[in-house]
Each structure stands twice: as structure tokens, then as C-alpha cells.
Amino acid sequence: MAATELRGVVGPGPAAIAAPGGGGAGPPVVGGGGGGRGDAGPGSGAASGPVAAAAAGGPGPGAGGVAAAGSAPTPPAGGSGSSGAGGSGSAREGWLFKWTNYIKGYQRRWFVLSNGLLSYYRSKAEMRHTCRGTINLATANITVEDSCNFIISNGGAQTYHLKASSEVERQRWVTALELAKAKAVKMLAESDESGDEESVSQTDKTELQNTLRTLSSKVEDLSTCNDLIAKHGTALQRSLSELESLRLPAESNEKIKQVNERATLFRITSNAMINACRDFLMLAQTHSKKWQKSLQYERDQRIRLEETLEQLAKQHNHLERAFRGATVLPANTPGSAGSGKDQCCSGKGDMSDEDDENEFFDAPEIITMPENLGHKRTGSNISGASSDISLDEQYKHQLEETKKEKRTRIPYKPNYSLNLWSIMKNCIGKELSKIPMPVNFNEPLSMLQRLTEDLEYHELLDRAAKCENSLEQLCYVAAFTVSSYSTTVFRTSKPFNPLLGETFELDRLEENGYRSLCEQVSHHPPAAAHHAESKNGWTLRQEIKITSKFRGKYLSIMPLGTIHCIFHATGHHYTWKKVTTTVHNIIVGKLWIDQSGEIDIVNHKTGDKCNLKFVPYSYFSRDVARKVTGEVTDPSGRVHFALLGTWDEKMDCFKVQPAAGENGGDARQRGHDPEESRVLLWKRNPLPKNAENMYYFSELALTLNAWEAGTAPTDSRLRPDQRLMENGRWDEANAEKQRLEEKQRLSRKKREAEAMKATEDGTPYDPYKALWFERKKDPVTKELTHIYRGEYWECKEKQDWSSCPDIF
């Protein structure tokens, strides 16, 4: 995970990892297709054609493109240096000029054509350790532009603009590429029957042949049994007919007649089975070759994927070692105005191998490191609060903290190594939801605690409860809605998935006037119910189901469910839903998070509405990043307040004055003036000191996992793997995490067995029910949701936890 952060620390960054079909690396460039991992050329990290030309202030690399970038460098004596089959067994290899960007133009690269793949390197010597990019010719289009230029593209994901030293050299390359493409297409059509046989180990081949031989033998046995059943059935019928012709007593004739009838039924059934077997045999013979090819193809694909992933892990290792030995540049302050811009600029230009000053080779280990390398830690890999305080002493100190003295720090995030290849090779062929992920990707908080973080700016609801005007109240509710996203801007680690029945309480009744309870009410799909109430006059409740979609370069997280906020004094009942969270640069690059979508906040008592728009980040937009705009309207649609701000910093409110002679819904304030009508609704609290070493936790987040006496035995604070991870014992945490997950699986299987038994017996069976929440229809939204049933705080006061399940 930390290797993805290295590029943001060191500047434009090293060469991105080369993988067939890989998209461009770096921050997003709207309109740009991904290209080869090495160079960010047209269609390769920046938009090609007129869009790219307009952005760069010059023409593209097609007609006239060379003029914009300068003429191609003069090749050395000997031209491109192309050769036939070299020592590496390649079909063709040699020098070509590849378009990189609008600053450096065409750069000389060593290209290798082998087994239907075109790969390139910065030099011939680099072939031993680092590939800059690879394109599969089976799905590529080869286009000739002019006498020396040609383009290779696989439909948008990768595009190489190439230039040969002469027309003759260009024609040689195009001919070789076309032949390799035809062969690759033929290999693909034949399910790779003969293309990459050398990549399949002899053991796998033998195993496959033995399996096919066994299947063929069983089919022959089935055919023999077919013939025997038909033969013996005919003989049995003949024998029965002969018995009927004999002179026997009447009683014997009746018995023989019954046997004959049964034999007839047996013959009819046998004939049906024989016909079915014959059909199966014909189908098996017809499709056996096809199945054999398909099996071989899937096996080859698996092995090819394993080799690619192993190469990726080795390249990460090279990059990590190079980074350790390189001079560390000062990191930009997170959230500064320049960091976002620099990040995007690096994505537009050449992201990889064109900076000679920042030469890196690409990382089986990934070291988890904070982005701000200015805070260096000494000693062992496990970094505590200080070098002379052990983790046991730190944990003991946590237990001694009083309820009122909230902790302001946690043990620093340790520099634990993670073997990426050991994880990725176990993911092949498995569903994403069934892959056991180590705690190295987590932060020491559960999803229930992250949900409770929505209350960090609870004072916005306190102020809203005091508002007499419902429209002003709606402005504060909108600001509270936006504030819940401010904690996500640097939090790229995932929280722990709660176990079914896990709870988390936050009792701040004395300090802040509210208390909160969360419970995991469903495991598949994962869903958590939350109820918070304040003595300042409001109640907040929600049930959130998390769905996610992995789309290659980014991960979309879509929370489903409705959030309710009720004010006791007025009875105003507000509802809204959350927007989509997107984690970018999942594969390569520095991880960053964006929020996008719209939120409609509705006051069900008055009909007032607020529409909030979270503007997705765009490199070409001149707007401020993470922008949020909104309008507060009455039931007639007239705008009374305009909201403007960002979801990571602040929200302002402007009162809209209707223009002269207007009183309809089209009345708008001009440019959010006058300035005196501007009201600051919310501003983000600064992060604690050294937050980059503590998972970027806010002041509230630092206190959430602090041990407290008297909580339920299902509370997240008592979860052992999460506690071990917080204290830096990640190996023990991983083992404990596996134990808890296995325990949860056994509990689920037990419930399924009980349900099946009840179904067979016809007895009623109650499915799993949450302990502190009850599933029923919401009176406002008419949705089925979990609503707090009460009794938790009463049970805590009595310390009666007899109804709590044993989940840890």
C-alpha cells in the first residue's frame, strides 16, 4: 500500500509498472485513456487528438506533431539497429522513437517483439530487469501515418505513437507486427493451443494429459456398459419368452407373467437410459476437444497471470530498494494548495521513465510509510510513542486513562513489510469478497467507529436545534452533512469489517450532551445501524449498507440507506442519503479519495429542501478541488440560501435576495454578494500533531478505540485483532483476525443448519435478529430499516450483559 504513496513523496515518480493491458498511472486526467505504464504519451495518460493539443498549446503527434515537439533525434550510425531473432528468442528487436510528451517529443527506446507482445525498454541492457510497457498485438490495431510514423493501439487502453529512422525500417517493423498479430489472433482463436506451451510446466501438462486419459477411459467404460445392458436385456427377454412356451402349472404361469411384465418395464427403463447414455457419449465425443482446448486455455491464462503478478512484485521490490537508497525530497504538506495541482500535473505529463534524474527500478515487499517523511522513526520496525516505552507499557497506560482525560495520541503506524506477491497469488480465481485481507491494509478502527465519526461536528446540530427559522436550520443540517466527509480526505486505509452482533457505544453525555450506539445488524450484505440522541434537542439515526465496485484503476464505495435527523422542539424531521466515495489509483500511483454525487435533504414537516452537489474532481476544471454547492428552497421552489464550500475545509452560507420585480423560483443572488450576507457555517478542525504517523486520525478518532470500563462485551474496543493492530503487533493481529472470521463462519453455518432442520421438520425458525435494534417499516420513508429498540443504556447501568452473544 505504501508503495503507492512513494510517487507523491518523490515528485513525478518512477516508471510505472509494466503489465499487459495496463492503464495509465498517476492522478486522473479526464478524457485521457490509459496508456503504457512507462510513457505518458497521447492516449497514454493524457487525452489524444485535439483535446491534448489544446491542453498543451500545440498540435498532436500526428500530422504536424513533430513540429510541436521538435524533430526526432538523429539516430546513431546504424539506423534503428533492428535485428531478426536475437539471442533472447524474440521475433524482432531494435531501436524506435516513441512519443512521450509535448516537452520531450519522441525519445529513443529499445523495442522487442516476441510471442505476440510488443515491449519496450529505455536501453537494451534494461531488458534484464525493467520493462517500460507491453502491448498485446492480438487486440491491437496497427495504423501507418506517413513514411516513417505508425501507431499501435488496442482500442484506447494503450496507444504507442512510433517513428522509425527510415521508410524501409518502418515497413520492416509494420510487416513483422502484422505477421505477429495474425499469429497471435490465430493462437487466441485456437485457445492458445500452441502459442505459449513453453510457459506451461511439464508437471501441469502431465497432470492434464492424465486427467483427459482418465475421462476418455471412463467414457469407453460407459459405452461398454451400454452394449452389455442391451445384450443382457435381450437375452433376458428371450429366456422369459421360452419359459412362457413351456407347459407349467397355472400358478407358475401367473408368476412367469408377472416376471415378464417386470422385465418389460426394466427393458423400457434400460432403453431410456441407454439412449441417454448414447446422447451423452455423442456429446462428449463432439465437445471433448473443445473442452480440452478450453481447459488448456484457462490453465495458460492462470499461469500467465501468476507470472505477470510475480513480475509486478519483483519490480515493486526494485523500486523499494532504489527508494531506500535515494535522497528523500521534502514532502508537500498534505492538503496544501500546491499539492493537488502538482499531483495532477504529474499525471498529465510523462509519469515514468523520462526523468533521468529520478531513475527508479520498479517493488515482493511494500513498506507502510507515512506521506510526510520528515517525521523519521528510529529503533525497531515497531514504533511506539517513544523509544523507551514498550507497547505493553503503552497499553497499560491506556487502561489507566480516566474517562474525562481523552487520549491525544496512539502508537505510531509501524514500518511493517508486506509481501504483495504472497497475497496476490492467492487471489487468483477467487471472489473479491472471499479473499482474506491482512490488517496491513486496515486502520485500527471498525466501520462502526467510522460511522460514529459523523458526530465529530455535533455542535452544528446543537446550533440547528436553537434555530427558530426552519430554512436556517436546514442550512446547519446541510453543513453537518458535508462535515462528515472531512475525515476521509487522507484516510486511505480501510476500517475493520465488524463481526455480526458487534457494537460500539460513545457516551459523551456529560462532556458534549450526546451518546451514540452502533450495531452490526447484517453480515451479508454488511449493514450497520446507528442511533444517537442529544439532550440538546435532536436525534440522529441511520442504517448504512456498504456496496462497492472495483473498476480497475479505482474503487467506488456506495453507501445505501437513509439518514434521519429529528429535532424534538419543532418536530422537524430531515432525511438524506450519502454520496459515492471513490478511491483512485488502486493499482499504481498515490492513493487519493474523491466524493461525487448529489444529496437531497428534505424536511418532511415543512417541505423545505436543500440540494447539495459534490463536484467530482477534474484536471481540466478551474474550480477549487472538492467543491460543494447547494441551494435551500421552500416548498414553492424559491431559493432562500445558497451554500458554497468544500467537503474537506468549510461551508459558507449566503442569503439570496430576490431581484427587483421577481418573486418566483428563478430569483437568484448575483455572485453571492453582498459580502456581509456571508455566514461561516462550518470549518474543519486541524488535525492533531503528527497525525500522518497516526493514520491521519482526527482528535475524535484518536479517542474512539481508547479502552473504557463497563461497555458491552461486544464493543469494538474489546476486539482483540483491532487492539493488537493498534499496538503494532500486526502478525498477532492477522492470526487473531483469521480466528475471529472462522468463528463467525462456524456460527453462520450453525444458523443455516438450524434453519434447514426447522424447514424439514415444519417448525417455525426465527432468523437472526439484532439485539438492540428492531427491523420495521419507517413511518416517514416507508422503508424497512433497523430502529433502536432501547434498553442498552439501562443494561449498561445495571451491567447486565447476559443477552450479548460471544463473538470475540
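Which residues form a nonpolar patch on the surface? In this predicted model, the patch consists of L243, L246 and L248. Together these residues present about 230 Å² of accessible area. L243 belongs to helix α5, which covers residues 202-245. With a relative accessible area of 34%, L243 is partly exposed.

The sheet was examined next. Seven strands form an open sheet with antiparallel pairing. Their order is β4-β3-β2-β1-β7-β6-β5. The edges are taken by β4 (133-136) and β5 (141-144). Each edge strand has a single partner, so one side of each is left without a neighbour in the sheet. From one strand to the next, the twist averages 35 degrees.

Strand β1 spans residues 92-101 and is mostly covered. Ten of its ten residues are buried. Within the sheet order, β1 stands between β2 and β7. Its pairing with β2 (residues 105-114) is antiparallel and comprises nine bridges. In this pairing, E93 of β1 stands opposite V112 of β2. The connection from β1 to β2 is a hairpin of three residues. On the β7 side, β1 pairs in the antiparallel sense over two bridges. Here K98 stands opposite L162 of β7.

Strand β7 also pairs with β6. These strands cover residues 159-163 and residues 149-153, respectively. They run antiparallel and are joined by five bridges. One contact in this pairing places I152 with Y160, its bridge partner in β7.

Charged contacts were then surveyed. Side chains of opposite charge can pair when their charged atoms come close. The structure holds 31 salt bridges. Among them is the contact between the side chains of E167 and R170, with an N to O distance of 3.9 Å. This distance falls within the 4 Å cut-off for a salt bridge. Both residues lie in helix α4 (residues 167-189). They are three residues apart, so about one helical turn separates them. The two partners differ in exposure. E167 is partly exposed, at 48% relative accessibility, whereas R170 is buried, with a relative accessible area of 7%.

A salt bridge between loops is formed by K577 and E783. The closest N and O atoms of this pair are 3.6 Å apart. K577 lies in the loop between β18 (573-576) and β19 (580-584). E783 lies in the loop between β26 (773-777) and β27 (784-788). The pair therefore ties together parts that are 206 residues apart in sequence. K577 is partly exposed, at a relative accessible area of 40%. E783 is also partly exposed, at 32% relative accessibility.

Helix α15 (residues 730-761) contains both R745 and E742. These residues form a salt bridge, with their closest N and O atoms 3.1 Å apart. Because they are three residues apart in the helix, about one helical turn separates them. R745 is partly exposed, with a relative accessible area of 34%. E742 is partly exposed as well, at 35%. Elsewhere, salt bridges with shared partners join E443, R450, E453 and R491 into one network.

Cysteines were considered last. A disulfide is a covalent bond between the sulfur atoms of two cysteines. The structure holds zero disulfides. C475 accordingly takes part in no disulfide. The nearest cysteine sulfur to C475 belongs to C653, at 3.8 Å. The cut-off for a disulfide is 2.5 Å between sulfur atoms, so this pair does not qualify. C475 is buried, with a relative accessible area of 2%. For C795, the closest cysteine sulfur is that of C804. The separation is 7.5 Å, which is too far for a bond. C795 is buried too, with a relative accessible area of 14%.

How values were computed
Residues numbered from 1 in each chain as written. Predicted model: local features only at pLDDT ≥ 70, side-chain atom pairs only at ≥ 80, totals over all residues. Heavy atoms only, no water. Pairing = 2+ DSSP bridges. Helix = DSSP H or I, 4+ residues; strand = E, 2+ residues; numbered from the N terminus. Axes fitted to C-alpha atoms, helices over the stretch in contact; angles between N-to-C directions. Buried < 20%, exposed > 50% of the residue type's maximum accessible area, 1.4 Å probe, protein only. Patch = residues over 30% accessible without salt bridge, like charges linked within 9 Å, V, L, I, M, F, W, Y side chains within 5 Å. Areas by Shrake-Rupley, 256 points an atom, 1.4 Å probe, with all protein chains shown as cover.
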